[in-house]
Amino acid sequence: MARDAPLCHDYGMNDPGKAAQYRLRATWAAQGSDGRKHRSQKSQALIVNALLELIAQGNLEPSADQIAEFAKVGRRSVFRHFKDMDTLYREMHASIAISLGSIVEQPFQAADWRGRILELVDRRALGFEKLKPFLRAGQIHRHRSSYLKTAHAQFVAMLRSILVGLLPKSAADEVVLVETLDMLLSFETWSRLRDVQGLSVAKSKRVLKHAIEPLLSDDLARRRGWGEGC
């Protein structure tokens, strides 16, 4: 889609839909600008919003026809603004990335690194639950989209970087510890607890903390020489 007139988030939209917090609007055109360009931006926003809403409602693989019907545009309009479905999923990823960023960038409350690792459980539970339909949709489409494969790799690397950044250097050098924590704090593990094992959010968090706490015990830290410094 054209980048000279980008879409932007509008968190003030009065929209009761499940995906309202991720919705986009066309940037308001400057006075005297091309009205056709603004209409095109508006159509693009309607199409992306339709995709987001359908996925939020549980349709993880909406067709172009379903998107067009929900957006109240013609099917041709979908592919006039987005050359293929992969391009449309790029917009989905860009939209939810801002929401995820607002969660991961929040300052930690715990004073020590062990507390911050456990705080990651609560923080990721919030993010994974909020974005679960879109992350699951990404899993489904990733095998046929080089862009989504790359975006997922960047997503995993970002989460890992946050984790490693919380550990003292001596602990960060412990490969098995890092790999174990990275796995326990992943979306895949969260999805297993919630969707396969059928646990509630609260019970899923308790399970993860039960698994993580022994890895961070004072006794183990002393034996391994993990200090408080980074």
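In this predicted model, helix α4 (residues 85–104) and helix α6 (residues 146–166) have axes that come within 10 Å of each other and cross at roughly 10°. Because angles under 35 degrees count as roughly parallel, α4 is described as roughly parallel to α6. On the α4 side, the contact is made by D86, Y89, R90, H93, L100 and V104, which meet Y147, L148, A151, F155, M158 and I162 of α6. Sorted by character, the residues of this contact comprise 9 nonpolar, 1 polar and 2 charged.

Further along the chain, helix α9 spans residues 187–196, and its buried residues are F187, T189, W190, S191, L193 and R194. These buried residues of α9 pack against three helices, namely α5 (113–141), α8 (175–184) and α10 (201–212). Just after α9 comes G198, a residue with a positive phi of about 70°.

A positive phi also turns up at K72, at about 60°, although K72 is not a glycine. For context, a negative phi is what most residues other than glycine have. K72 sits in the loop that links α2 (64–71) to α3 (75–81). Is this lysine, K72, buried or exposed? With a relative accessibility of 74%, K72 counts as exposed, because the cut-off for that class is over 50%.

Methods. Residues are numbered from 1 along each chain as its sequence is written. This is a predicted model: local features need pLDDT of at least 70, side-chain atom pairs count only at pLDDT 80 or more; totals for chains, interfaces and linings use all residues. Side-chain values use heavy atoms; hydrogens and water are left out. Helices (H or I, at least four residues) and strands (E, at least two) are DSSP runs, numbered from the N terminus. Buried means under 20% relative accessible area, exposed over 50%, partly exposed in between (1.4 Å probe, protein chains only). Contact means heavy atoms within 4.5 Å. Axes are lines fitted to C-alpha atoms, for helices over the stretch in contact, and angles run from 0 to 180 degrees between N-to-C directions. Angles under 35 degrees count as roughly parallel, over 145 as roughly antiparallel, 65 to 115 as roughly perpendicular and the rest as oblique. Ala, Val, Leu, Ile, Met, Phe, Trp, Tyr, Cys and Pro count as nonpolar, Asp, Glu, Lys and Arg as charged, and the others, Gly among them, as polar.
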